[in-house]
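This report looks at strand pairing, backbone angles and charged side-chain contacts in one protein model. Please keep the structure in view while reading.

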Amino acid sequence: MTNQERDKLLHALQGRFDQHQRRHPAIAWAAVQQRLLGQPEALRALHWMEATGGEPDVIAQDAGACVFADCSPESPPGRRSLCYDRAALDARKANKPGGNALDTAAEAGVELLDEALYQHLQTLGEFDTKASSWLLTPSSMRSRGGALFGDRRFGRVFIYHNGAESYYAARGFRATLRV
């Protein structure tokens, strides 16, 4: 990442941070920026989140780390039409999607939101009212062929299950990154 790209990203992150104070009332931008400047890998991951439409912002602190998550109104458009993981992708005989959520996230240096973090995000605004997002799925469920996804419909948040090999134009994944 060039210095110009880094500065542009930091400017975008700070603007979003300042605009949405409700998401992180007890966190100061100066502390976030200091952490970011010391972690070039995190900046690359956040750059990817931004470039794929995620609109990352700080939504929590965890053991001193700033927790970033995608705060785009809908599941990021640059990460849709993916099945859940490599095993699901390999199991598809026809009409395979271009990839899978877990590998895509790992390559970018991020993770999928788990159910608890997704529920927390939904307390900070209304997300996924038209799309849905794959969620990190417990291995006990995944070993049976299923995977979790969430969305908001009818004024409430729903967590559902689907076959991990499924994929839809309106389902992507939200990423999280601890910095």
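## Strand β2 and its partners

In this predicted model, β2 pairs with strand β8, which spans residues 175-178, in the antiparallel sense over three bridges, and within this pairing A69 stands opposite T176 of β8. β2 also pairs with strand β1, residues 56-62, again in the antiparallel sense, here over six bridges. In that second pairing, D62 has A65 of β2 as its bridge partner.

How is β2 placed with respect to solvent, buried or exposed? The strand is mostly covered, with six of its six residues buried. In a regular strand, side chains alternate between the two faces of the sheet. Along β2, A65, V67 and A69 point one way, while C66, F68 and D70 point the other way, and the residues of both groups are buried.

## Positive phi angles in two loops

β1 and β2 form a hairpin with two residues between them, and A63 belongs to the loop that joins these strands. Most residues other than glycine have a negative phi. A63, although not a glycine, has a positive phi of about 50°. With a relative accessibility of 84%, A63 counts as exposed, whereas six of the six residues of β2 are buried.

A further positive value is found at S81, which is also a residue other than glycine and has a phi near 60°. S81 lies in the loop between β2 and α4, and at 27% relative accessibility it counts as partly exposed.

## Salt bridges between separate parts of the chain

Side chains of opposite charge can pair when their charged atoms come close. How many salt bridges does a search of the whole structure find? The search finds 10, and the pairs described here are among them.

The side chains of R16 and E50 meet in one such salt bridge, with an N to O distance of 2.9 Å. Because R16 lies in helix α1 (residues 3-19) and E50 in helix α3 (residues 40-51), this pair ties together parts that are 34 residues apart in sequence. The two partners can also be described by their accessibility: R16 counts as buried at 12% relative accessibility, while E50, with a relative accessible area of 25%, is partly exposed.

A salt bridge also joins the side chains of D85 and R142, at 2.7 Å from N to O. D85 is in the loop between β2 (65-70) and α4 (86-91), and R142 is in helix α7 (residues 139-142), so the pair ties together parts that are 57 residues apart in sequence. Both D85 and R142 are buried.

## A further pair and a network

R153 forms a salt bridge with D151, and the closest N and O atoms of this pair are 3.6 Å apart. Which of the two partners is buried and which is partly exposed? R153 is partly exposed, with a relative accessible area of 22%, whereas D151, at 5% relative accessibility, counts as buried. The cut-off matters for reading these values, because a residue is called buried when its relative accessible area is under 20%.

Beyond the individual pairs, R86, D90 and D103 are linked in a network of salt bridges.

How values were computed. Residues numbered from 1 in each chain as written. Predicted model: local features only at pLDDT ≥ 70, side-chain atom pairs only at ≥ 80, totals over all residues. Heavy atoms only, no water. Salt bridge = Lys/Arg side-chain N within 4 Å of Asp/Glu carboxyl O. Helix = DSSP H or I, 4+ residues; strand = E, 2+ residues; numbered from the N terminus. Buried < 20%, exposed > 50% of the residue type's maximum accessible area, 1.4 Å probe, protein only. Pairing = 2+ DSSP bridges.
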